[in-house]
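Q: Could you take a close look at one part of this model for me? I'd like to see that part first and then how the rest of the chain fits around it.

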Amino acid sequence: MHPAAEHSPLGKASEYISTYTPSLLFPIPREAKWSELGVTAQTLPWQGVDYWNCFELSWLLPSGKPVVAIGEFAVPADSPNIIESKSFKLYLNSLNQTAFATTAAVQACLEQDLSDVAGKPVQVRIRSLADVEAQGLVALPGQCIDELDLEVSDYSEPRPSLLRCEPGAAVEEVLHSHLLKSNCPVTHQPDWGSVVVQYRAERRLDPASLLAYLVSFRQHSDFHEQCVERIFLDLQRLLAPASLTVYARYVRRGGLDINPYRSTEALTVDNGRLARQ
């Protein structure tokens, strides 16, 4: 378990407060997991963002009439802290019976509170249901590797030794899989996700080996962000790529989904929903 997580509300019975309470937000420092992965805040080999989507965002107008909306929150990947997901949910619930004069006031409040906890500016976008409905669903880019033949007997921990390269010339490609699963390190509930690997390198990644490696996360306990960072680092060590992007689109829990993006390049994130989201 992450040393800070045991003090969070995750996995504990909680009172649901319905009036604005920013103190509910709980930070978890990234530093301990970065150290475990062999990086520091000064040596991060990636840029990126953690994109959260909230499907249970509501507040009151001054008249007392409720508003419902969908919130998008972009947390910088190099922020000192992640925001513990249950505390995030409890905080959002605290807006339910709180009046705001305008949607802009809600956005400003969210940006201030979330930035204070993350330790870097968090961007917030509040969208109407009609706007999100009009956007529809998207498909992941590149080749899906999920139909490749695979024999699996060990799901105990991520196994980078499974990764292989194929002989051949330089390659640039995008691969994706919907078979990523890990477990919450506190509650041990399953976290389901789809992962994309985009790279340019002098050697080609064996797609079957990537699939076997991703399946090896199946009983691994870690937060979404650290799973993506582990995948990024293991592929970087194998491929020594000219460019590498790894991101995962996770299935929501408690009205929130988390989508970590890590890349050697500056990213413009298309926050499109998948069928499972």
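Which residue follows α6, and what is the sign of its phi?

A: That residue is A240, and its phi is positive, near 45°. A quick note before going on: this is a predicted model, where local features need pLDDT of at least 70, side-chain atom pairs count only at pLDDT 80 or more, and totals for chains, interfaces and linings use all residues. Residues are numbered from 1 along each chain as its sequence is written, and side-chain values use heavy atoms, with hydrogens and water left out.

Back to the helix itself. α6 runs over residues 224-239, 16 residues in total, and covers 23 Å from its first C-alpha to its last. That is close to the expected 22 Å, taken as 1.5 Å times one less than the number of residues. It's mostly covered, too: 14 of the 16 residues in α6 are buried (under 20% relative accessible area, with a 1.4 Å probe and protein chains only).

Now the surroundings. The protein chain has six helices and twelve strands (DSSP runs, H or I of at least four residues for helices, E of at least two for strands, numbered from the N terminus). Across its 277 residues, 52% are buried. Of the contacts (heavy atoms within 4.5 Å) with a separation of 6 or more, 74% link residues 24 or more positions apart. Along its principal axes, the C-alpha trace of the chain spans about 65 × 40 × 35 Å.

Methods:
Buried < 20%, exposed > 50% of the residue type's maximum accessible area, 1.4 Å probe, protein only.
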